[in-house]
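Trainee: I work at the bench and would like a close look at one part of this structure. Could you choose a single element and take me through its surroundings?

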Amino acid sequence: MSVSKPPIFLKFRSSTKFIISTVGIGLFTDLFLYGLIVPILPFILEDRVSVPSSQIQSYTSTLLAAYAGASVLSSPPAGIIADRLSARQLPFLLGLVALLAATVMLHLGQTIPVLIVARVLQGVSAAVVWTIGLALLLDTVGAENLGVAIGSIFGFISIGELGAPILGGILYEKAGYGAVFSIAYALLGIDFVMRFLIIEKKTAKKYKIDLDDETSPRDSSTEQDEESQDQEPNEEDPLIGNGKQESEWKITSDPPNWVRKLPILYCLSNPRLIVAQLVAFMQATLLSTFDATIPTEAKSLFGFDPLKAGLLFAPLVVPYLIGGPIAGKLVDQYGPKPAAVLGFAWEVPALILLRIPQAGGTKQIVVFSIIAALNGIGLAAIGSPSIVEASYVCEGYFKNNKEFFGGEGPYAQLYAINSMVFSAGLTLGPLLAGFLRDSIGYGNMNAVVAAMCLVVSLLSYVYLGGKPKLLRKHIL
């Protein structure tokens with residue numbers, strides 16, 4: 001049977017670096033546009049929709065809730081559909097179409113219902129890009145290289161998540177709506193081109209040419225898959241014990257039909273996966289807490305305008321951007337447990353130290369920046385463990401129960417759940433931060449968040465990678 005002519009630039013379009021970059025740009029676009037629009041929602045409601053001042057907060061909260069609700073509700077269907085499709089590119093593109101429609105409606109909408117529909121479409125797009133994007137990433141690099149890929153991407157997208165609200169405020173103040181949405185359309189254009197050009201590795205393999213690039217273990221031959229099955233547990237041996245790998249993952253009972261239709265539910269019976277999702281939730285909560293409080297604290301302590309407040313994010317983001325790939329590499333090498341335990345433990349004193357800066361000039365600004373950088377180090381450490389650990393758990397079940405999970409496994413369903421949890425964290429963070437800051441002050445607010453980090457650190461020690469040797473003989 002003859003093979004059709006390969007697409008132009010096949011090697012480049014199916015290369016690991018290009019696919020990782022495309023997923024990274026997709027996630028960046030989602031978080032960046034979310035953050036870019038949020039600061040100007042009150043002005044859209046007041047100037048364009050003529051909402052009375054007394055109702056602006058209520059409608060703003062409604063629009064924020066519409067996004068979060070749509071993202072949570074859309075994630076499971078996106079995961080189920082993606083696991084049943086032979087390719088990820090089409091739903092990945094359709095998610096961007098939804099985001100483009102949402103952006104146009106937010107730009108031109110004149111009524112509350114139109115704006116609500118726009119935010120719902122934005123939430124649907126977020127569910128698709130996170131679910132499909134992470135599944136595509138795993139298809140490309142494999143579970144054993146997922147940590148460094150996730151670390152690199154999360155360091156990059158943190159710039160969008162933390163910096164976009166400030167940029168949106170500055171652009172609106174200096175140049176109006178047009179400038180804000182021009183940035184949005186430009187980024188959407190770049191994202192569309194990359195998603196359109198991408199060629200998945202399993203598609204590229206059909207042309208039977210040397211791609212000169214690493215292929216995903218999940219897309220390799222049966223022999224390679226079996227070899228990968230042997231290697232991945234060895235990587236986890238120090239974390240979950242020797243000689244129990246296969247029996248631990250083997251499904252011995254007959255799950256009910258409703259579980260067979262949604263096999264990720266069986267995986268959720270494993271506490272490792274539950275704690276992995278808790279890690280993702282806390283990571284998102286931390287990010288959105290910084291996003292919500294740094295601008296207001298900068299204005300309160302130092303009298304900063306939006307531009308200077310935006311620059312104050314740099315000490316937080318730079319360590320995250322540099323340290324993310326390094327931490328991801330260590331996660332790939334030593335497993336998720338050390339990074340999660342130490343990262344959240346590091347955040348405890350780093351957050352408490354944020355009560356030190358006082359109102360003042362350059363000296364206090366330097367103190368705040370140094371402490372923010374310390375928090376950035378912790379954020380870098382906790383960027384990879386959740387997704388890597390969750391992927392290890394699903395990989396273990398999938399490789400030992402392929403007749404139950406089918407040919408592709410439950411990976412898109414897994415990342416749908418991760419998207420739901422991460423979205424919940426992004427939603428809770430600003431609400432929790434705002435409530436605590438107003439009621440008990442900024443310093444005490446950070447102490448509460450630090451206590452949450454300590455709990456997650458302890459749970460990560462107990463469950464991520466399996467129980468540690470110290471606790472294996474005890475019932476927990």
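What follows is a walk along one helix, with a look at its partners on the way.

Mentor: Happy to! This is a predicted model, in which local features need pLDDT of at least 70, side-chain atom pairs count only at pLDDT 80 or more, and totals for chains, interfaces and linings use all residues. Residues are numbered from 1 along each chain as its sequence is written, and side-chain values use heavy atoms, with hydrogens and water left out.

First, the setting. The chain contains 22 helices and zero strands; helices (H or I, at least four residues) and strands (E, at least two) are DSSP runs, numbered from the N terminus. Of its 476 residues, 56% are buried. Here, buried means under 20% relative accessible area, exposed over 50%, and partly exposed in between, with a 1.4 Å probe and protein chains only. Contacts, meaning heavy atoms within 4.5 Å, often join remote stretches: among those with a separation of 6 or more, 82% are between residues 24 or more positions apart.

Now for the interior. A nonpolar core is a set of buried Ala, Val, Leu, Ile, Met, Phe, Trp, Tyr and Cys residues joined through side-chain atoms within 4.5 Å. The largest such core has 127 residues, and Trp130, Leu146, Phe154, Leu286 and Tyr415 touch the most other members. Helix H14, residues 271-302, gives this core its largest share, 14 residues. That helix is the part I would choose for you.

Let us begin with Met282, which lies in H14. Met282 counts as buried because its relative accessible area is 2%. Leaving out residues up to four places away in sequence, Met282 touches Phe344, Val449, Met452, Cys453 and Val456. Gly429 is 147 residues from Met282 in sequence, yet their C-alpha atoms are 8.8 Å apart in space.

Further along H14 comes Thr285. Its relative accessibility is 1%, so Thr285 is also buried. Beyond its neighbours within four places in sequence, Thr285 is in contact with Gly425 and Gly429.

Next is Leu286, one of the best-connected core members named above. With residues up to four places away set aside, Leu286 touches Phe344, Glu347, Leu351, Leu379, Ile382, Val449 and Cys453. Compare that with the partners of Met282, among them Phe344, Val449 and Cys453.

H14 also has a charged partner to show you. A salt bridge is a side-chain nitrogen of Lys or Arg within 4 Å of a carboxyl oxygen of Asp or Glu, and the whole structure has five of them. In one, Glu297 pairs with Arg437, with the closest N and O atoms 2.7 Å apart. This pair ties together distant parts of the chain, since Glu297 is in H14 and Arg437 is in helix H21, 140 residues apart. Glu297 is buried, with 8% relative accessible area, whereas Arg437, at 24%, is partly exposed.

For comparison, Arg88 and Asp139 form another salt bridge, with their closest N and O atoms 2.8 Å apart. They too link distant parts of the chain: Arg88 is in the loop between H4 and helix H5 (89-108), Asp139 is in helix H6, and they are 51 residues apart. Both ends are buried, Arg88 at 1% relative accessibility and Asp139 at 4%.

Finally, let us follow H21 to some empty space. A cavity is a set of points on a 1 Å grid over the protein atoms alone where a 1.4 Å probe fits but cannot get out, and its lining residues have an atom within 4 Å of a point. Points are joined across faces, edges and corners, and the volume is the space filled by probe spheres set on them. The structure has six cavities of 30 Å³ or more, and the largest has a volume of about 50 Å³. Its lining includes Asp30, Tyr67, Trp130, Ser419 and Leu426. Helices H2 (16-37), H4 (56-84), H6 (112-141) and H21 (411-440) each supply at least two lining residues, and H21 gives the largest share, four. The lining has six nonpolar, three polar and one charged residue, where Ala, Val, Leu, Ile, Met, Phe, Trp, Tyr, Cys and Pro count as nonpolar, Asp, Glu, Lys and Arg as charged, and the others, Gly among them, as polar.

Definitions and conventions. 1 Å grid on protein atoms, 1.4 Å probe; cavity = no way out; pocket = protein on both sides within 12 Å on 5 of 7 lines; lining within 4 Å.
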